[in-house]
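Got your viewer open and a hand on the mouse? Let's take a walk through this model, one selection at a time.

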Amino acid sequence: MKKISLLLLYLSYLSLYAQSDHLKLSFGYGFGVSGEFANIQSYYYYETPDTSYTNYGFEAISFSCSKGITFGLGYEKKFGKNIAIELGAHYSKGKSPEIEYYENYSFDYYLDGAAKFTHTYYWTSKSLQFTPEVIIRSSNPKISPYIKLGCIIGFNWLYEEYKGTLVNTIPGYYPFENWTHNLKYTMAPSVGGIAAIGSEYLLTKGLWAFMEARYNLLKCIPKKGELTEYKYRGEDQLETLPYNERFFEYEAAFNESENNNPNAASKREQQRFSLSNISLVFGFKF
């Protein structure tokens, strides 16, 4: 009889942890890390005294497009007191730092003037991520540290915003010009990884709060691009552009002569963008 009582007590102890279908809500903020390197032109200098002189340089700049907010929903299923599986869905909005470079042209010998271009880029992102994860946690029912490992299946949207200015002292030209464009990328689905460390706190029966630090590793590759806005000196000029200056296809290798057709999308070099970040996440489990 004593053994049966001990067995029933043990089973009831396990059942406490095995009631274990939970819903989770979370919100947080991510800091972009693990950026992709882009070979960005950092300066260009050209002058024409008796002989022309050109000097230019490129700089490998690492940046991520995922600094921003995140929201999540999750379903957790426990298997015993220390192991659980979580299926999550997360929506995030982020952006990259601004990237700027200059072009300087000097024509003092011939035209008594100079021109300076300033180019400024930044990217914004939206991402819907599905995350199957394994959770390993302590058995303390009130304060329970844990770790997570899993993968990310991401559906991503990326947008480029560009602003260019020209300050010109050459006679007969506008002293100041500016133009802007917005470029929308079409992305392929991407797969990445996730690791997290955190802790849960029992607030009341059936309600926990949790806090965790997450590392998301995710890269994405544009397949196509489309200019959705183009303005010159504040006026909409999008409809004046030929097809090959509005639509683009990104490939690892291509022949530059393919871009001579004004009625077909231009080919551009394929580039990876980083949506990786370290985020601080807070939430509740029911």
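Start with the empty spaces inside: there are 2 cavities of 30 Å³ or more. A cavity here is a set of points, on a 1 Å grid over the protein atoms alone, where a 1.4 Å probe fits but cannot get out. The grid points are joined across faces, edges and corners, and a volume is the space filled by probe spheres set on the points. Before you click further, know that this is a predicted model, where local features need pLDDT of at least 70, side-chain atom pairs count only at pLDDT 80 or more, and totals for chains, interfaces and linings use all residues. Residues are numbered from 1 along each chain as its sequence is written, and side-chain values use heavy atoms, with hydrogens and water left out.

**Stop 1: the largest cavity**

Select Thr70, Ser92, Gln129, Asn216 and Asn277. Of the 22 residues lining the largest cavity, these are the closest to its centre. (A lining residue has an atom within 4 Å of a point.) The space in there is about 180 Å³.

Now colour the strands S1 (21-32), S4 (68-79), S5 (83-95), S7 (114-137), S11 (207-217) and S18 (277-285): these elements each give two or more residues to the lining of the largest cavity. Strands are DSSP runs of E with at least two residues, helices are runs of H or I with at least four, and both are numbered from the N terminus. Which strand gives the largest share of this lining? That's S4, with 5 residues.

Try colouring the lining of the largest cavity by class, and you get 5 nonpolar, 15 polar and 2 charged residues. For this count, Ala, Val, Leu, Ile, Met, Phe, Trp, Tyr, Cys and Pro are nonpolar, Asp, Glu, Lys and Arg are charged, and the others, Gly among them, are polar.

**Stop 2: the second largest cavity**

This one holds about 70 Å³ of space. Select Ser26, Glu86, His90, Lys148 and Phe210, the closest to its centre of the 13 residues that line the second largest cavity. S1, S4, S5 and S11 each give two or more residues to its lining. By class, the lining of the second largest cavity divides into 4 nonpolar, 4 polar and 5 charged residues.

**Stop 3: aromatic rings**

Next, show the side chains of Phe, Tyr and Trp. The whole structure has 10 aromatic pairs. Rings (for Trp, the six-membered one) pair if their centres lie within 6.5 Å; planes under 30 degrees apart are stacked, over 60 edge-to-face, and the rest tilted.

Zoom in on Tyr29 and Phe31. Their ring centres are 5.2 Å apart and their planes sit at 70°, so this pair is edge-to-face. Tyr29 is partly exposed at 33% relative accessibility, and Phe31 is partly exposed at 42%. (Buried means under 20% relative accessible area, exposed over 50%, and partly exposed in between, with a 1.4 Å probe and protein chains only.)

Then pick Tyr185 and Phe273, a tilted pair with 5.6 Å from centre to centre and 50° between the planes. Tyr185 is in strand S9 (residues 176-187) and Phe273 in strand S17 (residues 273-274), so this pair links distant parts of the chain, 88 residues apart. Are these two buried or exposed? Tyr185 is buried at 7%, and Phe273 is buried at 2%. Add Tyr121, Trp123, Tyr162 and Tyr250 to your selection: ring pairs link them with Tyr185 and Phe273 into a cluster.

**Stop 4: charges over rings**

Look at Arg268, whose charged end sits over the ring of Phe248, 3.7 Å from the ring centre. Then find Lys285, lying over the face of Trp208 at 4.7 Å from the ring centre. The rule here is that NZ of Lys or CZ of Arg is within 6 Å of the ring centre and within 35 degrees of the ring normal.

**Stop 5: two single residues**

Click Lys223 in strand S13 (residues 222-232). Lys223 is partly exposed, at 42%. Outside its neighbours within four places in sequence, Lys223 is in contact (heavy atoms within 4.5 Å) with residues including Thr186, Phe248 and Tyr250.

Finish at Lys205, in the loop between strand S10 (190-204) and S11. Lys205 is exposed, with a relative accessible area of 83%. Its C-alpha atom is 9.3 Å from that of Phe286, though Lys205 and Phe286 are 81 residues apart along the chain.

Key
1 Å grid on protein atoms, 1.4 Å probe; cavity = no way out; pocket = protein on both sides within 12 Å on 5 of 7 lines; lining within 4 Å.
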